[in-house]
Amino acid sequence: SASINNVMGGIVEVDSGMLTLNGGGTSSGLFSNVAGTTLQFGGGNHLLDATSSVIGAGTNSISAGSVSFGGSYNVTGGTRISAGSAGFSGPITAVGALTVSAGTATFDSGNGVSVSSVALSGGTLTGGSTINVAGAFNWTGGTLGGSGILNANGAATFNGSSRTLSGRTLNLNSSANTWSAGNINTGQGSLLNIGGGMTFDNTFD
């Protein structure tokens with residue numbers, strides 16, 4: 001697959017369906033997608049520098065290869081990592097619903113990251129940024145790591161066979177927290193905090 005270099009002033013816009021970029025490249029321009037569409041990074045090494053921007057009401061998907069988001073990021077439709085690696089180091093306005101099923105998502109933007117919900121079923125969610133989850137936090141597998149904090153401000157659900165909390169602080173700030181299956185493995189100085197007046201309901205033996 002050919003590399004795509006979206007230079008400063010250039011625009012890659014998804015107006016319908018899915019656009020998949022498989023060849024990697026270095027970009028400083030704009031990537032955008034409208035609601036109901038998907039911009040997919042499907043292979044190769046993509047470097048989006050500090051002057052780049054990724055915006056839109058659609059879904060941004062990383063399914064293979066590596067992507068470094070060094071510029072501004074404002075995606076309201078959702079961000080999905082199903083393989084490969086995605087690093088977010090630029091300023092983040094919105095991520096939408098964050099789904100990590102495999103691969104690695106690293107947030108080191110230097111500012112707090114606001115997401116509408118998190119579904120972590122595999123792979124690793126890591127980095128030094130504080131992640132604030134407004135809605136559901138559903139953890140069925142994978143690793144929650146890094147030096148940052150994750151604030152689960154909505155209902156938190158822990159099910160599946162096993163999950164690992166490594167280094168990160170996880171704050172449960174909702175009264176609707178349910179652990180229904182599997183193990184929670186901890187290490188590397190990680191903390192699991194249950195907010196004052198909140199409950200963490202264990203529903204299995």
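**Aromatic rings in the core**

Let's start with one ring: Phe-88 has a relative accessibility of 2%, so this residue counts as buried, the limit being under 20%. The model you are looking at is a predicted one, and Phe-88 is a handy way into its interior.

Phe-69 makes a good next stop. This residue also has 2% relative accessibility and therefore counts as buried. Its ring and that of Phe-88 form a stacked aromatic pair, with 4.8 Å from centre to centre and 15 degrees between the planes. This pair ties together distant parts of the chain: Phe-69 sits in strand E9 (residues 66-69) and Phe-88 in strand E12 (residues 85-88), 19 residues apart.

Now turn to Tyr-73, which is buried because its relative accessible area is 2%. By the ring-pairing rule, the count comes to 12 aromatic pairs. Among them, Phe-69 and Tyr-73 meet edge-to-face, at 5.3 Å centre to centre and with 70 degrees between the planes.

Stepping back, ring pairs join Phe-69, Tyr-73 and Phe-88 with Phe-31, Phe-41 and Phe-107 into a cluster.

Phe-107 deserves a visit of its own. Beyond its neighbours within four places in sequence, Phe-107 is in contact with residues including Phe-88, Ile-92, Val-95, Leu-98, Val-113, Leu-125 and Ile-131. Its contacts also include Thr-126, Gly-127, Gly-128 and Ser-129.

How many residues does the largest nonpolar core have? There are 40, and those with the most contacts inside this core are Phe-69, Phe-107, Leu-125 and Phe-137. As general background, nonpolar side chains in soluble globular proteins tend to be buried together.

Note on methods:
Residues are numbered from 1 along each chain as its sequence is written. This is a predicted model: local features need pLDDT of at least 70, side-chain atom pairs count only at pLDDT 80 or more; totals for chains, interfaces and linings use all residues. Side-chain values use heavy atoms; hydrogens and water are left out. A nonpolar core is a set of buried Ala, Val, Leu, Ile, Met, Phe, Trp, Tyr and Cys residues joined through side-chain atoms within 4.5 Å. Buried means under 20% relative accessible area, exposed over 50%, partly exposed in between (1.4 Å probe, protein chains only). Contact means heavy atoms within 4.5 Å. Rings of Phe, Tyr and Trp (its six-membered ring) pair if their centres lie within 6.5 Å; planes under 30 degrees apart count as stacked, over 60 as edge-to-face and the rest as tilted. Helices (H or I, at least four residues) and strands (E, at least two) are DSSP runs, numbered from the N terminus.
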